[in-house]
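Got your viewer open? Let's take a walk through this chain together, one selection at a time.

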Amino acid sequence: MTVNDLMAIATVRRLLVELGYQLLPEAAEGRIGPLSLWIVQPRPELQGQSPLQVLGMPDGEQRLRQVLVAMLKHGPDRP
């Protein structure tokens, strides 16, 4: 895992907390494992880009926030 991966995970975790999502502690059964995979997987909501790629763009955090809001509102396929 690179520094960029860790920064992306921290950003996504912060956004989720800001949006009121309850995160589990950093345990084996916690979300950090799945989240570390989620940030590198291409997402259709991001036009086939991964959250890590989007966060590298000037408006990336705002785009990712919009996707997270929609995911938390509509479905179980969450980070």
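Start with the whole chain in cartoon view: you'll find four helices and zero strands. Followed from one end of the sequence to the other, the pattern reads α-α-α-α. Keep in mind that this is a predicted model.

**Colour by confidence**

Switch the colouring to pLDDT. The average for the protein chain is 82, and 81% of the residues score at least 70. Which element has the lowest mean pLDDT, and which the highest? Helix H2, residues 32–38, sits at the bottom with 72, while helix H3, residues 51–55, tops the elements with 94.

**Turn on the surface**

Now show the surface. About 4,900 Å² of the protein chain is accessible, and carbon and sulfur atoms account for 58% of that. Of the 79 residues, 33% are buried. If you like looking at contacts, take the pairs at least 6 apart in sequence: 49% of those contacts join residues at least 24 apart.

**Select residues 3–18**

This is helix H1, with 16 residues. From its first C-alpha to its last it reaches 22 Å, close to the 22 Å expected at 1.5 Å a residue. Zoom in on the start of H1, where a side-chain oxygen of Thr 2 comes to within 3.3 Å of the backbone nitrogen of Asn 4. Then show the side chains along the helix. The buried residues of H1 include Ala 8, Ile 9, Val 12, Leu 15 and Leu 16, and Asp 5, Thr 11 and Arg 13 are buried as well. Once you leave H1, click on Gly 20: its phi is positive, near 90°.

**Into the loop between H2 and H3**

Two residues are worth picking here. Select Gln 47, which belongs to the loop between H2 and H3. Is Gln 47 buried or exposed? Gln 47 is exposed, with a relative accessible area of 61%. Check its backbone too: phi of Gln 47 is positive, near 55°, and this is a residue other than glycine. For background, most residues other than glycine have a negative phi.

Next, select Ser 50, found in that loop between H2 and H3 as well. Ser 50 has a relative accessible area of 4%, so it counts as buried. What is Ser 50 in contact with, leaving aside its neighbours within four places in sequence? Look for Ile 39, Val 40, Gln 41 and Pro 42.

**Finish on residues 60–74**

Your last helix is H4, which has 15 residues. Its C-alpha span, first to last, is 21 Å, close to the 21 Å expected at 1.5 Å a residue. Highlight its buried residues: Gly 60, Arg 63, Leu 64, Val 67, Leu 68 and Met 71. Now turn the view so you look down the axis of H4: those buried residues fall within an arc of 135°, so they line one face of the helix.

Stay with Gly 60 for a moment, since this residue of H4 is buried with a relative accessible area of 0%. Setting aside neighbours within four places in sequence, Gly 60 is in contact with Val 54 and Leu 55. To end the tour, draw a line from the C-alpha of Gly 60 to the C-alpha of Leu 46: they are 9.8 Å apart in space and 14 residues apart in sequence.

Conventions
Residues are numbered from 1 along each chain as its sequence is written. This is a predicted model: local features need pLDDT of at least 70, side-chain atom pairs count only at pLDDT 80 or more; totals for chains, interfaces and linings use all residues. Side-chain values use heavy atoms; hydrogens and water are left out. Helices (H or I, at least four residues) and strands (E, at least two) are DSSP runs, numbered from the N terminus. The expected span of a helix is 1.5 Å times one less than its number of residues. Buried means under 20% relative accessible area, exposed over 50%, partly exposed in between (1.4 Å probe, protein chains only). The arc is that of the directions from the helix axis to the C-beta atoms. pLDDT is the predictor's confidence in each residue, from 0 to 100. Contact means heavy atoms within 4.5 Å. Accessible areas come from the Shrake-Rupley method with a 1.4 Å probe; for residues, only the protein chains shown count as cover. A polar contact is a pair of N or O atoms within 3.5 Å; within protein, one must be able to donate a hydrogen and the other to accept it, and residues adjacent in sequence count only if both atoms are side-chain atoms.
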